[in-house]
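Biologist: I would like a close look at one part of this model, beginning with a hairpin and then following outward from it. Please take me through the pairing, the packing and the charged contacts in connected form.

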Amino acid sequence: MKSAAAAAAAPVPEAAAGAAPQLKEHQVQVHLRKIPLLADLSDEDIARVKSEMRYRHFPKRTVVLHKGGVADALLFLLSGQLQVVDVTEDGRAVGLRMLAAGDFFGEIALINGSTRSASVVATTEVLVAFLPASTAMHLFSHSPSVAHKMLGHLAQKIQRDSEFRALLSINNTTRRIYTYIALMPQTEDKEGQRVVENLPTHQDIANMINTSRETVTRALLVLAQQGVVLKDAHRLIILDPDALQRLAQGG
């Protein structure tokens, strides 16, 4: 199966060409206050955002943003999953991070006034909202709630990037996989178990940490055999978080 990173490396048409036609507001049910960045906006700002937001569906493996593209909008992932991907000078595609529903992206190029620094690829069918750059920049500078959340987001992004660089420096491939799983965002289910929702494919995980799909599959199989994790459809249940942490640390 073609990976998200491979899709970004291959020559593809612009996102708008690969996506479904732009959707009208009445064709999608979007509650803007359920988007964390926008949750605390004034009614006036919500109305302005609602009037200017545009929506598109993208099929799986479509490139939603191209590296080097013009930063003309702030994007919100409303449903599905995306992977941020960079392509090295030798043409090798490297996964940088995963995006889940509720996340926004494309903010760095807007703030810097630069072109897109990475590509973003749909790993599932997705619904994406586009907020024009002028409206997004107005929110950044005039909405205290958005500015505060943006600062928190950028701080977390720096921390995640630092953790990811440390992860990639681990020479032992299996430990690198265990560490990556331990760092993945987790929620708690009704039984109090930690769960990784919308688990990326083994190939997408491999692209993120510079290894092969087969190596990821073997490592997850070992974890399951040891009773550390349980794979359930597109979820990964962490049965023994302490054991996973020990393995990630080389224990």
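How many residues lie between β11 and β12 in the hairpin that they form, and which residue in the turn has a positive phi?

Modeller: Two residues separate β11 from β12 in this hairpin, and Ala233 in the turn has a positive phi of about 55°. The model is predicted, so local features are taken at pLDDT of at least 70 and side-chain atom pairs at pLDDT 80 or more, while totals for chains, interfaces and linings use all residues. Residues are numbered from 1 along each chain as its sequence is written, and side-chain values use heavy atoms, leaving out hydrogens and water.

The hairpin belongs to an open sheet of four strands with antiparallel pairing, in the order β9-β10-β12-β11; β9 (187-188) and β11 are its edge strands, each paired on one side only. Strands here are DSSP runs of E with at least two residues, and helices are runs of H or I with at least four, both numbered from the N terminus; two strands pair if DSSP finds at least two bridges between them. Strand β11 (residues 229-232) is joined to β12 by four bridges, and Val229 has Ile238 as its partner in β12. Ile238 is also the bridge partner of Arg194, and β10 (residues 194-196) is held to β12 (residues 235-238) by three bridges. Beyond β10, two bridges lead to β9, where Thr187 is partnered by Val195 of β10.

The ends of the hairpin strands also carry a charged contact, since Arg235 and Asp232 meet through their side chains in a salt bridge with N and O 3.0 Å apart (the term asks for a side-chain nitrogen of Lys or Arg within 4 Å of a carboxyl oxygen of Asp or Glu). Together with Glu197, these two residues form one network, joined by salt bridges that share partners. Arg235 has a relative accessible area of 23% and Asp232 one of 33%, so both are partly exposed; buried means under 20%, exposed over 50% and partly exposed in between, with a 1.4 Å probe and protein chains only.

Strand β12 also leads into the interior. It is among the elements that give two or more residues to the largest nonpolar core, alongside α6, α7 (173-183), α8 (202-209), α9 (213-225) and α10 (241-248). That core has 26 residues, and those with the most contacts inside it are Tyr180, Ile181, Ile209, Leu223 and Leu236; a nonpolar core is a set of buried Ala, Val, Leu, Ile, Met, Phe, Trp, Tyr and Cys residues joined through side-chain atoms within 4.5 Å. Not counting residues up to four places away in sequence, Ile209 touches Phe164, Leu167, Leu168, Arg176, Ile177 and Tyr180, contact being heavy atoms within 4.5 Å. Apart from this core lies another, of 24 residues, which includes Leu37, Leu38, Tyr55 and Leu74.

Helix α8 also holds one end of a salt bridge between distant parts of the chain: Asp204 in α8 and Arg61, in the loop between β1 and β2 (63-65), are 143 residues apart. Their side chains meet at 3.7 Å, N to O, and both residues are buried.

In the other core, Leu38 offers a useful viewpoint. It sits in the loop between α2 (15-18) and α3 and is buried, with a relative accessible area of 0%. Setting aside neighbours within four places in sequence, its contacts are Leu32, Arg33, Ile46, Val49, Met53, Phe76 and Leu139. Leu139 is one of the buried residues of helix α5 (residues 133-142), together with Ala133, Thr135, Ala136 and Phe140. Seen down the axis of α5, these buried residues fall within an arc of 165°, so they line one face of the helix; the arc is that of the directions from the helix axis to the C-beta atoms. Ser134, Ser141 and His142 are exposed on the other side of α5, while the elements covering its buried residues include α3 (43-52), β3 (73-79), α4 (107-112), β8 (126-132) and α6 (144-168).
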